[in-house]
Amino acid sequence: MACGSNSLWAGETTWFCCGNAWGPCGSTGGGACGNCQSGARHGAWPNASQNCWDITRPDLCGENIPRRGCGSVMNVRHQCSGATVCITITDCGPRTKSWCGEKTCCNGTCRTNRVLDLTPAAFSVIGNLSSGKLPVYIYE
């Protein structure tokens, strides 16, 4: 499946660990889709299923994010550097409702609310893991 260029969403992304031990991660489960791997370019989407939505509740932060399930492909672009990475959704997350109003800025433009988690392998393509959060545009 090709990485698209149609605008889907914008917000903050962070990184998380899943699957076998890799890089800064220890071993963890395979995520909601069962195949998440920290060493692969994978991501977690807060509306990967109804059960996922019931946990993450991005709507409580004003984000009515469309449903995209396991295997969906997204192109993620760092708002400031323009660096991009193509990912496959393999998990549910982040728990957006826990960080309503959280803000990440660069070059005077800010994005609010965590709407995407990337594996370390995906996050490190567009930013430094030590930054923790990045403002991004998401395409499909």
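**Reading a predicted barrel**

User: Where is the place of P94?
Analyst: P94 belongs to the loop between β4 (84-92) and β5 (103-106). Please keep in mind that this is a predicted model.

User: What is the omega of the peptide bond from G93 to P94, and is the bond cis or trans?
Analyst: Omega is near -10 degrees there, and the bond is cis. As a general background, most peptide bonds are trans.

User: Which strands make up the closed barrel, and how are they ordered?
Analyst: The closed barrel has six strands, in the order β1-β7-β2-β4-β3-β8, and the pairing is mixed. On average, neighbouring strands of this sheet are turned by 45 degrees against each other, with direction ignored.

User: How do you know that β3 and β8 count as paired?
Analyst: Two strands pair if there are at least two bridges between them. Strand β3 (residues 73-78) and strand β8 (residues 134-139) are joined by four bridges, so they meet that condition. The two strands run antiparallel. Among the partners, V76 is matched with I138 of β8, and R77 has Y137 of β8 as its bridge partner.

User: What makes β3 and β4 a pair too?
Analyst: The cut-off is again at least two bridges. β3 and β4 share five bridges in the antiparallel sense, so they qualify as a pair. M74 stands opposite I87 in β4. In the hairpin of these strands, five residues lie between β3 and β4, and G82 takes a positive phi near 85 degrees.

User: How many of the residues of β3 are buried?
Analyst: Five of its six residues are buried, and β3 is therefore described as mostly covered.

User: Why is N107 called exposed?
Analyst: Exposed means over 50% relative accessible area. N107 is at 69%, so N107 counts as exposed. N107 is placed in the loop between β5 and β6 (109-112). Its phi is near 50 degrees, a positive value in a residue other than glycine.

User: Why is N113 called buried?
Analyst: Buried means under 20% relative accessible area. N113 has a value of 4%, so N113 is buried. N113 is in the loop between β6 and β7 (114-118). N113 also has a positive phi, of about 70 degrees, although it is not a glycine. For background, most residues other than glycine have a negative phi.

User: What makes T14 a buried residue?
Analyst: The limit is under 20%, and T14 has a relative accessible area of 6%, so T14 is buried. T14 lies in strand β1 (residues 7-15). Leaving aside neighbours within four places in sequence, T14 is in contact with residues including R114, L116, L118 and F123.

User: How do you know that R114 counts as buried?
Analyst: R114 is at 15% relative accessibility. Since the cut-off for buried is under 20%, R114 counts as buried. The place of R114 is in strand β7. Neighbours within four places in sequence aside, its contacts include E12, T14, P94 and W99.

User: Why is the link between the side chains of R114 and E102 called a polar contact?
Analyst: A polar contact is a pair of N or O atoms within 3.5 Å, and within protein one must be able to donate a hydrogen and the other to accept it. The side chains of R114 and E102 are joined at 2.6 Å, so the distance satisfies the cut-off, and the link is listed as a polar contact. E102 is also among the residues in contact with R114.

Key. Residues numbered from 1 in each chain as written. Predicted model: local features only at pLDDT ≥ 70, side-chain atom pairs only at ≥ 80, totals over all residues. Heavy atoms only, no water. Axes fitted to C-alpha atoms, helices over the stretch in contact; angles between N-to-C directions. Buried < 20%, exposed > 50% of the residue type's maximum accessible area, 1.4 Å probe, protein only. Contact = heavy atoms within 4.5 Å.
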